[in-house]
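Take a walk through this fold, strand by strand and helix by helix. Keep the chain in view as you read.

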Amino acid sequence: MNPGSPSPRAASAVPHAATLQDVAREAGVSLATASRVLNGSERKVAGAFRERVERAAETLGYTPNVSAQATARGHSPVIALLVADIADPYFGQIAAGVARGADEQGLVVTISITERDPERENRILRALRGQRPQGLILAASRADDAEGGSASAELEAFERYGGRVVAFGDLPGEGGGRTVVIDNAGGAEELGRRMAALGYRSAIGIGAAEGVRTSDDRLHGFARGFASGGGVVDRIHRGDFRRESGAEAMAAALEEGVEAGTLVFGMSDVVALGAMSAIRAAGRAVGADIAVCGFDDVSASGDVTPALTTVRVPLNEAGYQAFRAIVDDGWIQAPLPVEVVVRGSTPGLA
């Protein structure tokens with residue numbers, strides 16, 4: 001025997017991960033019975049046998065095989081959440097709501113980042129389909145020209161394998177999934193009316209690329225509400241949903257010229273916060289000189305000085321409702337009320 005090699009006795013003493021066969025042997029039941037108990041089969045198992053199997057699994061420290069569970073149930077105990085950018089607090093609050101629901105049901109949430117890239121999203125959807133998650137939540141806003149064929153085909157295939165699809169806003173194509181609707185247009189319209197009532201008459205909009213639904217709904221809604229009170233959105237600068245994009249758009253607007261008393265509407269708080277930083281960098285004052293408002297009411301909006309006027313959206317509750325839409329067969333969306341919150345960044349014009 002090689003002196004450096006372990007003895008057979010020592011090798012056999014090394015612990016190994018408990019298998020389903022180990023649990024069945026410990027419980028004194030067949031492998032099929034142990035599998036039905038631990039891998040989530042729909043077939044019933046007598047209470048006495050179930051208790052023996054569960055006790056044996058606990059004693060041996062057995063961890064169920066997710067692939068085996070997917071085979072037995074037709075899906076794994078996983079909820080897949082697709083977001084555009086996990087650093088954006090908008091998606092963080094939605095993810096927290098989804099995780100709250102999953103915790104109640106003993107399920108696991110996985111998060112994938114699409115970066116609003118249709119090709120990347122399709123690759124993720126194909127990979128997820130093979131893992132058979134119980135449900136799929138699409139939280140990222142989609143562009144009208146990214147709706148088509150491939151994403152729709154992937155989602156239809158996912159549903160054929162027994163998964164349920166939930167999206168924020170509209171689903172691509174004509175899939176049979178469920179949608180969670182946030183009143184982006186209505187909330188922005190009310191914000192526009194409130195800003196006009198404060199005396200503002202000239203506004204600049206900062207949004208994402210034309211065709212991105214969340215951005216378009218908010219910009220159009222704000223313009224309608226602002227116009228109803230006598231205001232005009234003079235121009236719109238476009239970029240994306242990042243703070244840096246908001247700062248760049250605002251810097252471009254300042255180069256063109258922005259008169260004192262102008263109102264800036266950022267289609268999200270993150271974008272609006274970027275605009276505020278550009279205003280300060282140009283030596284202008286936020287509020288008394290150039291007013292700024294946003295949308296979402298992320299936590300940072302109340303922490304800056306002056307605090308940001310915005311539209312409060314119950315994002316955590318929206319995420320929770322998206323989860324319930326996955327697991328509740330009779331799900332109907334409960335109201336997700338939006339609320340205008342006026343703060344120091346829009347002090348009003350005398």
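Strand 4 (residues 164-168) and strand 5 run parallel, joined by three bridges. Within this pairing, A167 has T179 of strand 5 as its bridge partner. Everything described here comes from a predicted model.

These two strands belong to a wider sheet. It is an open sheet of five strands, in the order 2-1-3-4-5, with parallel pairing. Strand 2 and strand 5 (178-180) are its edge strands, and each pairs on one side only. From one strand to the next, the twist averages 20 degrees.

Now move to the other edge of this sheet. Strand 1 (residues 76-83) pairs with strand 2 (residues 108-113) in the parallel sense, over six bridges. I79 has V109 in strand 2 as its bridge partner. How does the chain get from strand 1 to strand 2? It passes through helix 6 (residues 89-105), and the resulting β-α-β crossover is right-handed.

Just past strand 2, look at E115. This residue sits in the loop between strand 2 and helix 7. E115 is not a glycine, yet its phi is positive, at about 55 degrees.

Helix 7 (residues 118-131) comes after that loop. It lies across strand 1, strand 2 and strand 3 (133-138). Its direction makes about 175 degrees with strand 1. Helix 13 (residues 315-327) also lies across strands of this sheet: strand 1, strand 3, strand 4 and strand 5. Against strand 4, helix 13 runs at about 155 degrees.

A second sheet follows. This one is open too, with four strands in the order 7-6-8-9 and parallel pairing. Which strands form its edges? They are strand 7 (232-239) and strand 9 (291-293), each of which pairs on one side only. Ignoring direction, neighbouring strands here are turned by 20 degrees against each other on average.

At one edge, strand 8 (residues 263-266) and strand 9 pair in the parallel sense over three bridges. F265 has C293 in strand 9 as its bridge partner. Helix 11 (residues 243-256) packs on this sheet and touches strand 6 (202-208), strand 7 and strand 8. The direction of helix 11 makes about 130 degrees with that of strand 7.

Beyond strand 9, check the backbone again. The peptide bond from T305 to P306 is cis, with omega near -10 degrees. P306 lies in the loop between strand 9 and strand 10 (310-312).

Next, turn to helices that pack on each other. Start with helix 9 (residues 184-197) and helix 10 (residues 213-228). Their axes come within 6 Å and cross at roughly 35 degrees. This crossing is right-handed. The contact residues of helix 9 include A188, L191, G192 and M195. On helix 10, G221, F222, G225 and F226 are among those they meet. By class, the residues of this contact are seven nonpolar, six polar and five charged.

Go back now towards the start of the chain. Helix 2 (residues 20-27) and helix 4 (residues 47-60) pack with their axes 8 Å apart, at an angle of about 120 degrees. That angle makes helix 2 oblique to helix 4. The crossing of helix 2 and helix 4 is right-handed. D22, V23, E26 and A27 come from helix 2, and they meet R52, V53, A56, A57 and L60 in helix 4. Six of the residues in this contact are nonpolar, none is polar and three are charged.

Helix 4 also meets helix 3 (residues 31-38). The axes of helix 3 and helix 4 come within 10 Å and cross at roughly 80 degrees. How do these two helices lie to each other, then? Helix 3 and helix 4 are therefore roughly perpendicular. From helix 3, the contact takes T33, A34, V37 and L38. From helix 4, it takes F49, R50, V53, E54 and A57. The classes here are six nonpolar, one polar and two charged.

Follow V53 and A57 once more. Both belong to the contact of helix 4 with helix 2, and both take part in its contact with helix 3.

Key:
Residues numbered from 1 in each chain as written. Predicted model: local features only at pLDDT ≥ 70, side-chain atom pairs only at ≥ 80, totals over all residues. Heavy atoms only, no water. Pairing = 2+ DSSP bridges. Right-handed = clockwise from strand over helix to strand, strands pointing away. Axes fitted to C-alpha atoms, helices over the stretch in contact; angles between N-to-C directions. Parallel < 35°, antiparallel > 145°, perpendicular 65-115°, else oblique. Left-handed = near helix turned anticlockwise from the far one by under 90°. Contact = heavy atoms within 4.5 Å. Nonpolar A, V, L, I, M, F, W, Y, C, P; charged D, E, K, R; others polar.
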